Amino acid sequence: MSDMLNIALPKGRLGEKAYGMLADAGFSCPAIEENGRKLVFEDPEAGVRFFWVKPSDVAIYVERGAADVGIAGKDILLEYEPEVYELLDLGIGKCRMAVAAPCGCRGEERHTLRVATKFPHIAQRYYASTGRDIDIIRLNGSIELAPIVGLSDVIVDIVETGSTLRENNLEVVDTIVPISARLIANKSSFKFKHGAVERILSGLSRRVEEIK
Ligand code: PRP
């Protein structure tokens with residue numbers, strides 16, 4: 001196993017923020033700051049290699065050991081329940097998983113509630129806890145469209161600022177769980193690269209405290 005610590009970062013704004021926290025904690029790779037299409041960056045002296053990964057794939061890279069650690073949203077961890085260690089709440093990428101519906105219309109008259117979502121497992125668990133009969137309609141994006149065009153009664157989706165809901169005349173009916181970005185680690189890396197993983201964890205923990 002390489003001594004290099006492999007870090008999977010979610011492509012996009014959240015990943016850039018997380019990289020900023022890692023760089024402030026002493027784990028940087030200056031070449032990563034040049035915008036381009038390159039996906040792997042390494043700094044042999046610092047002993048780190050960064051990958052840019054589709055946000056919903058970070059946990060897969062970490063679970064299978066292609067990355068030792070990664071930054072993943074709690075939404076993905078709840079949905080896929082990967083076999084990884086969740087080490088730290090970074091306090092960034094804050095949003096919530098919520099049920100939303102067209103204003104004033106919650107599908108209460110329906111026997112089986114049609115729920116559109118990218119998160120079928122989270123939705124299933126939530127409705128199992130309420131005892132409501134549901135029919136899950138799994139979509140890949142633009143979930144807010146589903147109740148507008150009659151594909152579903154409600155949606156289970158991420159709400160950050162709430163502007164997507166507002167602009168589409170939808171409202172939150174219930175909050176399921178708060179979401180934020182987490183540092184996760186591969187279980188065997190946690191054991192065999194413990195020193196390096198621990199350094200990342202303590203460096204990031206300090207940054208989290210500083211920005212609180
Ligand atoms: C996410 C989510 C909502 C939106 C919420 O979508 O699915 O649509 O952000 O943010 P807001 O409350 O600040 O408006 P994303 O941009 O990831 O795209 P998607 O349509 O592919 O899910």
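This is a short walk through three spots in the structure: the ligand site, one serine in a loop, and a patch on the surface.

Okay, so keep in mind that this is a predicted model. Let's start with the ligand. Around the ligand you'll find Lys118, Gly141, Ser142 and Glu144, and then a run of names from Asp157 through Ile158, Val159, Glu160, Thr161, Gly162 and Ser163 to Thr164. Which side chains put a polar atom 2.4 Å, 2.6 Å or 2.7 Å from a ligand oxygen? Thr164 has a side-chain N or O atom 2.4 Å from an oxygen of the ligand. For Glu144 that distance is 2.6 Å, and for Asp157 a polar side-chain atom sits 2.7 Å from a ligand oxygen. As for cover, the ligand taken alone exposes 500 Å², and the protein buries 65% of that.

Next up, Ser180. You'll see Ser180 in the loop between strand 10 (170–179) and strand 11 (181–185). Is Ser180 buried or exposed? Ser180 is at 5% relative accessibility, so it counts as buried. Its side chain makes a polar contact with the side chain of Asp89, at 2.8 Å. Setting aside neighbours within four places in sequence, Ser180 also touches Ala72, Gly73, Lys74, Ile92, Gly93 and Lys94, along with that Asp89.

Last stop, the surface. Leu145, Ile148, Val149 and Leu151 make up a nonpolar patch there, and together they have about 360 Å² of accessible area. Take Ile148 from that group: Ile148 belongs to helix 5, residues 145–148. Ile148 is counted as partly exposed because its relative accessibility is 43%, and the cut-offs for that class are 20% and 50%.

Key:
Residues numbered from 1 in each chain as written. Predicted model: local features only at pLDDT ≥ 70, side-chain atom pairs only at ≥ 80, totals over all residues. Heavy atoms only, no water. Patch = residues over 30% accessible without salt bridge, like charges linked within 9 Å, V, L, I, M, F, W, Y side chains within 5 Å. Areas by Shrake-Rupley, 256 points an atom, 1.4 Å probe, with all protein chains shown as cover. Salt bridge = Lys/Arg side-chain N within 4 Å of Asp/Glu carboxyl O. Helix = DSSP H or I, 4+ residues; strand = E, 2+ residues; numbered from the N terminus. Buried < 20%, exposed > 50% of the residue type's maximum accessible area, 1.4 Å probe, protein only. Near = heavy atom within 4 Å. Polar contact = N/O pair within 3.5 Å; in protein donor to acceptor, adjacent residues only side chain to side chain. Contact = heavy atoms within 4.5 Å.
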